[in-house]
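Q: Could we go through this structure together? I would like to begin with the charged pairs and then move on to other topics.

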Amino acid sequence: MSVWTEKLIRVNNYSRPGLKLKGVKKLVLHWTANPGASAANHFTYFDRTIIQAQRYASAHIFVDKNEAINIIPLDEVAYHANDGTYRGVPELKPNANFLSIGVEMCVEKDGTFHPDTISRTEDVFVELCKTFKLDPIKDIVRHYDITHKNCPAPWVKDSKAFEDFKQRVKAKMSPPKANVSYYTVKPGDTLSGIAAKNKTTVATLQKLNNIKNPNIIRVGQKIRIK
């Protein structure tokens, strides 16, 4: 099940041109700079208001503390990261909009990111990195890194917070493996004896190994301890 809900805006000249991406080389992080507005509010804005205003802008995914909404298909262009002036990220030249996916973080009324928004955005980037086989450390960039626009402003000011964000995405992509160990049953062993040796309980061993009768184990059987 995807981290986000797909709710697509209509094809139009200003926010969803219907053009196909030429590839996905980077994932671009933005902030909405619209205090208190939710992901759903931004769906409405890009599906209606911006068309009426005849302004060119959009992004693929909007994330708030309650949900993430995908408003433009991930194989289509969104107008999120190209002002015609490049100062960085050469892989995205000549037009970042054709080579990247844009993700917008919603902000609270006080202009900060809610912890749940940050966590959900991490999950969005985990799914995107896995889908497009990208490295979160190298391939997640800020809008600022492309054009020097002050976006996402809190993490332009505090670049360490952005680096920490990428590290958390990387950690979520490669969670630590469970510390699983096994014991091989020897002649004379009992389940209670194995439990005592390994500082666990018979009930735990029964559950881990689907053992219905604790009095029946066989020599050579591998018993999962944890």
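Q: How many salt bridges does the structure hold?
A: This is a predicted model, and it holds 13 salt bridges.

Q: What does glutamate 91 pair with?
A: Glutamate 91 forms a salt bridge with lysine 26, and the closest N and O atoms are 3.6 Å apart.

Q: Where do the two partners lie, and what does the pair tie together?
A: Lysine 26 is in strand 2, while glutamate 91 is in the loop between strand 4 (68-70) and strand 5, so the salt bridge ties together parts that are 65 residues apart in sequence.

Q: Is lysine 26 buried or exposed?
A: Lysine 26 is buried, at 6% relative accessible area. Its partner glutamate 91 is partly exposed, at 37%.

Q: And which residue does arginine 142 bridge to?
A: Arginine 142 forms a salt bridge with aspartate 145, with 2.8 Å between the closest N and O atoms. Arginine 142 counts as buried, because its relative accessibility is 9% and the limit for buried is under 20%.

Q: What about aspartate 164 and lysine 160; where do they lie?
A: Both are in helix 6, four residues apart, which is about one turn of the helix. Their side chains meet in a salt bridge of 2.9 Å, N to O. Lysine 160 is exposed, with a relative accessible area of 54%, whereas aspartate 164 is partly exposed at 29%.

Q: Which residues are joined into one network by salt bridges that share partners?
A: Glu122, Asp123, Arg168 and Lys172 are joined in that way.

Q: Changing topic: how many residues are in the largest nonpolar core?
A: That core has 31 residues. Leu27, Ile61, Leu128 and Trp155 are the ones with the most contacts inside it.

Q: Which elements supply at least two residues each?
A: Among the strands, these are strand 2 (26-31), strand 3 (61-63) and strand 5 (100-105). Helix 2 (115-132), helix 5 (153-157) and helix 6 (159-173) do so as well. Helix 2 gives the most, with six residues.

Q: What does isoleucine 61 touch, leaving aside neighbours within four places in sequence?
A: Isoleucine 61 is in contact with Trp4, Ala68, Ile69, Asn70, Leu74, Gly102, Val103, Glu104, Val124 and Leu128.

Q: What is in the second core?
A: The second core is separate and has 13 residues, including Ile9, Phe43, Ile69 and Ile71.

Q: How many disulfides does a search of the whole structure find?
A: The search finds zero disulfides.

Q: Why is there no bond from cysteine 106 to cysteine 151?
A: The closest cysteine sulfur to that of cysteine 106 is the one in cysteine 151, and it is 12 Å away, which is too far for a bond. A disulfide would need the two sulfur atoms within 2.5 Å.

Q: Are these cysteines buried or exposed?
A: Cysteine 106 is buried, with a relative accessible area of 2%. Cysteine 151 also counts as buried, at 4%.

Q: Now some polar residues. Where does asparagine 97 lie?
A: Asparagine 97 is in the loop between strand 4 and strand 5, and it is buried at 4% relative accessible area. A polar atom of its side chain lies 3.1 Å from the backbone nitrogen of histidine 80. Leaving aside neighbours within four places in sequence, asparagine 97 is in contact with several residues, among them Leu21, Val77 and Tyr79.

Q: And aspartate 47, where is that?
A: Aspartate 47 lies in helix 1 (residues 39-53). Aspartate 47 counts as buried, at 11% relative accessibility. Not counting residues up to four places away in sequence, aspartate 47 touches Ile9 and Arg10.

Q: Last topic: which feature does UniProt place at residues 181-225?
A: The UniProt entry, which is unreviewed, places "domain: LysM" there. In the model, the span is 33% helix and 13% strand, and its end C-alpha atoms lie 6 Å apart.

Q: Where is glutamine 206 placed, and what does it touch?
A: Glutamine 206 is in helix 8 (residues 202-209). Not counting residues up to four places away in sequence, glutamine 206 touches Leu191, Ile211, Lys212 and Pro214. A polar atom of the glutamine 206 side chain lies 3.4 Å from the backbone oxygen of lysine 212.

How values were computed
Residues are numbered from 1 along each chain as its sequence is written. This is a predicted model: local features need pLDDT of at least 70, side-chain atom pairs count only at pLDDT 80 or more; totals for chains, interfaces and linings use all residues. Side-chain values use heavy atoms; hydrogens and water are left out. A nonpolar core is a set of buried Ala, Val, Leu, Ile, Met, Phe, Trp, Tyr and Cys residues joined through side-chain atoms within 4.5 Å. Buried means under 20% relative accessible area, exposed over 50%, partly exposed in between (1.4 Å probe, protein chains only). Contact means heavy atoms within 4.5 Å. UniProt positions are given in the numbering used here, feature names are shortened, and annotations may be inferred rather than shown by experiment. A polar contact is a pair of N or O atoms within 3.5 Å; within protein, one must be able to donate a hydrogen and the other to accept it, and residues adjacent in sequence count only if both atoms are side-chain atoms. A salt bridge is a side-chain nitrogen of Lys or Arg within 4 Å of a carboxyl oxygen of Asp or Glu.
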